[in-house]
Amino acid sequence: MKYDFETCTDKRNSGSVKWRDMLEKQPDVPEGVVPLSVADMEFKTAPEITAGLKEYIETQALGYTEATDTYYDAVAGWMKDRHGWDVKREWIVTTPGIVLALGLAVRAFTQPGEGVIIMTPVYYPFYMVVEKQGRKLAENELKNRAGRYEIDFDGLEKKAEDPNNRMLLLCSPHNPVGRVWTREELARVSEICARNGVLVVADEIHHDLIMPGYSHTVFTQAGDPENVIVCTAPSKTFNLAGMQVSNIIIPNEGLRRRFRNYKAESGLRELGALSYRACELAYTRCAGWLNGLLAVLDENRRLTERFAAQELGRAHVTQLEGTYLQWIDLRAYGLTGKELERKMLGAHLFLDEGYIFGKTGAGFERINIACPSRVLEEALSRMKDALEK
């Protein structure tokens, strides 16, 4: 089937978070401008999901609903087929989102005042789920070596040896720098954490969005499966964030029981009926759509690299290995983070500013390239004009 990756719908009155944010910043933004910030896509929903949800609504009730055998089979089948991971049904705990799951894990497995290690710059809710619950951030900065980021293993070792640091929140693939960690890197992370009694919570929400030439390794395949909580979801892969369904996979029975208890204490029970069905449809009918999407993302990645090399002489585009979030270094233009943001807004560019991912992100821009290529090219042209002024 040929899929539509060219249509871009105006979402001004749809409740879309990133469109709302754009209009709050510039109520008179010209028509045709698309925000490229928050990590959801500007593509139409896979037709198999749309048709399947229509059929479900027409034939089923929308009352209290729990996960079915077909749902668990779909999740386990996807993990096996796409990632070579044999997941048992009982390992799967559902939550309405991964950020919520991260917060549950922090509360369940650490105490107020204890430390949680994060690798910065990193997805900004990582800071929130730690600090808002009275835990301490232990920032282990990634090493930026000529535009490619690496884990500071010496720093990780020192932080893991601190008995006050009880958890590592790992972003894999890494948002915003786009690294797909190798099996060897993950094995070393696992060894350090297991040896020091540090629980790994791996956010693998982007694990299906891997560029050609790279391969995602599920944390359990490289390290200790008894010392990790793996957070997955169809939301990034199939643009289903609004369905609020995540599959938290916990092989260790004791960890799983404690996580479930904290989930119950938080008043969380089952998901919505359409959440389960959307996930099941995505994992059983939409592999072809995903393959088409990956081809478009690879094209857009190359477009961004070419444009920067030819038109943005002082910009450096970090090689995108995974996710659909392009990390661009604009520090050579000599602007502060706020000055850079003002320039972008002046050009009707609504991106995620690098500084929101931590102090080492200042001077960078994160661009969501999950949009029609013409939309991306227009945005890059406006960026060139803004930086040349």
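**View 1. Arg331 counts as partly exposed, at 44% relative accessibility.** Its partner Asp329 is buried, at 12%; here buried means under 20% relative accessible area, exposed over 50%, and partly exposed in between (1.4 Å probe, protein chains only). The two side chains meet in a salt bridge (2.7 Å, N to O), that is, a side-chain nitrogen of Lys or Arg within 4 Å of a carboxyl oxygen of Asp or Glu. Keep in mind that this is a predicted model, where local features need pLDDT of at least 70, side-chain atom pairs count only at pLDDT 80 or more, and totals for chains, interfaces and linings use all residues. Residues are numbered from 1 along each chain as its sequence is written, and side-chain values use heavy atoms, with hydrogens and water left out.

**View 2. Lys359 and Glu141 join up in a salt bridge (3.5 Å, N to O).** Lys359 sits in the loop between strand 12 (352-353) and strand 13 (364-368) and Glu141 in strand 3, so the pair ties together parts 218 residues apart in sequence. Strands here are DSSP runs (E, at least two residues), numbered from the N terminus. Lys359 is exposed at 59%, while Glu141 is partly exposed at 33%.

**View 3. Arg148 and Glu321 also meet in a salt bridge (3.5 Å, N to O).** Arg148 lies in strand 5 (residues 148-150) and Glu321 in the loop between strand 10 (316-317) and strand 11 (325-329), so this pair links parts 173 residues apart in sequence. Arg148 is partly exposed at 37%, but Glu321 is buried at 2%.

Technical notes. Helix = DSSP H or I, 4+ residues; strand = E, 2+ residues; numbered from the N terminus.
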